[in-house]
Amino acid sequence: EMEVFSSTQQATGSQFMVARALGIPYNHVQCHVKRIGGGFGGKESRACLIAAMSAVAAHNARKPVRPILPRNVDMAWSGGRNPCYCKYKVGFNSSGRITAVDAQLYLNVGCSMDLSLGVLHKAMLHIDNAYTFANVRLVGRACKTNRASNTAFRGFGAPQAMMMCEDFVDDVARFLKVPD
């Protein structure tokens, strides 16, 4: 059996990954979680990998292991908010009212999917920000890259989408030479 203390919002995920890493039954892993704070992403899945690596090290060493990553290593290893690229066409009238949006969103998920599909779905739902567009066509793509895996952070895709939408509005305003 393996006992794991993890700073995670997903204790069952850590339990599952530790069991798989050690090749033991799922019910032979006990995962304990102390109070960790708000649920704003990052803590849901990232700790599962550390728990699995630590469990393998503890199993091989036959003694407890407590990993402490320097902050720069932790940040480089654990990725961050999903970068997003958007190609778009916007239809609008002479008063600047946007009548149609045709957009393709490309989400950089890094080397593993993690929670990125949920981030992409949320971004697609929030592409209109605080506006109303009569006609919208969206295509979302989760792109695997050779970077650290990116994951959900506070906002879960909404901040990326809202910034893209503000680019639509800004481009229309610039084209029409609307003063700031």
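Which polar side chain lies 2.8 Å from the backbone oxygen of isoleucine 50? That of serine 54, through one of its polar atoms, and one of the views below is centred there. A quick note before the views: this is a predicted model, where local features need pLDDT of at least 70, side-chain atom pairs count only at pLDDT 80 or more, and totals for chains, interfaces and linings use all residues. Numbering starts from 1 along each chain as its sequence is written, and side-chain values use heavy atoms, with hydrogens and water left out.

**View A. Serine 54 and its surroundings in helix H2.** Here we zoom in on serine 54, which sits in helix H2 (46–61). Helices are DSSP runs of H or I with at least four residues, strands are runs of E with at least two, and both are numbered from the N terminus. Serine 54 counts as buried because its relative accessible area is 12%; buried means under 20%, exposed over 50%, and partly exposed in between, with a 1.4 Å probe and protein chains only. The backbone oxygen of isoleucine 50 is 2.8 Å from a polar atom of the serine 54 side chain. Leaving aside residues up to four places away in sequence, serine 54 touches Val65 and Pro67 (contact means heavy atoms within 4.5 Å).

**View B. A nonpolar patch fed by three helices.** Phe16, Met17, Tyr26, Leu49, Met53, Leu69, Val73 and Trp77 make a nonpolar surface patch of about 670 Å². For patches, residues need over 30% relative accessible area and no salt bridge; like charges are joined within 9 Å, and nonpolar side chains (Val, Leu, Ile, Met, Phe, Trp, Tyr) within 5 Å. Areas are from the Shrake-Rupley method with a 1.4 Å probe, and for residues only the protein chains shown count as cover. Helices H1 (11–22), H2 (46–61) and H3 (71–78) each chip in at least two patch residues.

**View C. Two patch members from helix H2.** Leucine 49 belongs to helix H2, as does methionine 53. Leucine 49 is partly exposed because its relative accessibility is 33%, and methionine 53 is partly exposed at 45%. Not counting residues up to four places away in sequence, leucine 49 touches Met17 and Trp77. Its C-alpha atom is 18 Å from that of histidine 28, 21 residues apart along the chain.

**View D. The salt bridge between aspartate 102 and arginine 137.** The whole structure holds 2 salt bridges, each a side-chain nitrogen of Lys or Arg within 4 Å of a carboxyl oxygen of Asp or Glu. In this one, the side chains of aspartate 102 and arginine 137 meet at 2.7 Å, N to O. The pair links distant parts of the chain, 35 residues apart: aspartate 102 is in strand S4 (residues 98–110) and arginine 137 in strand S5 (residues 135–144). Aspartate 102 is buried at 18%, whereas arginine 137 is exposed at 55%.

**View E. A salt bridge within helix H5.** Arginine 174 and aspartate 170 join their side chains in a salt bridge of 2.7 Å, N to O. Both lie in helix H5, 4 residues apart, about one turn of the helix. Arginine 174 is exposed at 60% relative accessibility, while aspartate 170 is partly exposed at 31%.

**View F. Positive phi at arginine 62 and lysine 177.** Arginine 62, in the loop between H2 and H3, is a non-glycine residue with positive phi, near 60 degrees. Lysine 177, in the segment after helix H5 (158–175), also isn't glycine and has a positive phi near 55 degrees. Arginine 62 is exposed at 67%, and lysine 177 is exposed at 69%.

Note on methods
Polar contact = N/O pair within 3.5 Å; in protein donor to acceptor, adjacent residues only side chain to side chain.
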